[in-house]
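This report walks through one protein chain, from a single residue to the whole fold. Please keep the sequence and the 3D view open while reading.

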Amino acid sequence: MNTEYQNAWKTARESAGLTQEAAAELVDVSVKSISYYESGARHMTPQIAAQLADAYRAPWLRNLYCKECPIGCHRNLPTEPTDLRTASIDAQCELRAEEIGRRIDRLMEIARDGKVDVNEMRDFEMICARFREMQHALAKFELLVDMLRK
């Protein structure tokens with residue numbers, strides 16, 4: 001488990017004004033478990049991670065947990081809180097209609113015969129990479145909505 005992950009959970013708990021004892025009580029685990037999770041000595045379950053993220057009013061912690069999970073580690077999810085201005089500027093940079101149109105046109109050319117040949121692979125990989133970047137920009141808005149609901 002990386003240091004960023006460990007410190008984020010402790011920092012979020014402290015930002016929420018909770019002691020380890022209070023956090024443990026909220027999610028029905030021992031204080032020692034909270035200490036272990038924060039130090040990286042023990043991995044928490046997805047359920048505990050979700051409960052702690054909710055208790056700390058820190059929805060981005062769910063994404064941080066996913067980065068450590070073998071299933072979610074390949075997704076490009078925002079792991080820090082963002083504000084409306086930052087999310088909007090990022091979206092403007094990533095979601096330009098003209099560029100999206102060109103990429104979709106190229107994707108349709110590649111998909112026409114139902115396969116990706118050697119000559120098309122580079123373009124296909126670049127299109128997929130841009131779609132991942134676009135997904136990340138949109139995920140910032142989803143995270144912002146979660147934060148504003150809390």
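## One residue in a helix

In which helix is Lys 140 found? Lys 140 belongs to helix H8, which covers residues 118–149. Before going further, it should be said that this is a predicted model, and the values below are computed from it.

Is Lys 140 buried or exposed? Its relative accessible area is 16%, and because buried means under 20%, Lys 140 counts as buried. Leaving aside residues up to four places away in sequence, Lys 140 touches Pro 78, Thr 82, Ala 87 and Asp 90.

## Salt bridges between helices

Across the whole structure, a search finds 9 salt bridges. In one of them, the side chains of Glu 38 and Arg 13 meet at 2.5 Å, taken from N to O. This pair links distant parts of the chain, since Glu 38 sits in helix H3 (residues 31–39) and Arg 13 in helix H1 (residues 3–15), with their positions 25 residues apart in the sequence. Glu 38 is buried, with 8% relative accessibility, and Arg 13 is buried too, at 5%.

A further salt bridge joins the side chains of Glu 99 and Arg 130, at 2.8 Å from N to O. Glu 99 lies in helix H7 and Arg 130 in helix H8, so this pair ties together parts that are 31 residues apart in sequence. Glu 99 has a relative accessibility of 17% and counts as buried, while Arg 130, at 13%, also counts as buried. These two residues are also part of a network of salt bridges, in which Glu 99, Arg 103, Arg 130 and Glu 133 are linked.

## A salt bridge within one helix

How many residues apart are Arg 102 and Glu 98 in helix H7? They are 4 residues apart, which is about one turn of the helix, and both lie in H7 (residues 97–111). Their side chains meet in a salt bridge of 3.0 Å, from N to O. Glu 98 has 62% relative accessibility and therefore counts as exposed, given that exposed means over 50%.

## The largest pocket

The largest pocket holds about 180 Å³ of space. Its lining includes Pro 59, Arg 62, Asn 63 and Cys 66, and also Gln 135, Leu 138, Glu 142 and Asp 146. The elements that give two or more residues to this lining are helix H5 (60–68) and H8.

Helix H8, where Lys 140 is found, gives the most to the lining of the largest pocket, with 6 residues. When the lining residues are sorted by class, 6 are nonpolar, 2 are polar and 4 are charged.

## The chain as a whole

Seen as a whole, the chain has 8 helices and 0 strands, and reading along the sequence gives the pattern α-α-α-α-α-α-α-α. Its C-alpha atoms fill a box of roughly 60 × 35 × 20 Å along the principal axes. The radius of gyration is 20 Å, whereas a compact globule of 150 residues would have a value near 15 Å.

What percentage of the 150 residues count as buried? The share is 33%. Among contacts with a separation of 6 or more, 57% are accounted for by residues 24 or more positions apart.

How values were computed. Residues numbered from 1 in each chain as written. Predicted model: local features only at pLDDT ≥ 70, side-chain atom pairs only at ≥ 80, totals over all residues. Heavy atoms only, no water. Buried < 20%, exposed > 50% of the residue type's maximum accessible area, 1.4 Å probe, protein only. Contact = heavy atoms within 4.5 Å. Salt bridge = Lys/Arg side-chain N within 4 Å of Asp/Glu carboxyl O. 1 Å grid on protein atoms, 1.4 Å probe; cavity = no way out; pocket = protein on both sides within 12 Å on 5 of 7 lines; lining within 4 Å. Points joined across faces, edges and corners; volume = space filled by probe spheres on them. Nonpolar A, V, L, I, M, F, W, Y, C, P; charged D, E, K, R; others polar. Rg over C-alpha atoms; globule rule 2.2 N^0.38 Å.
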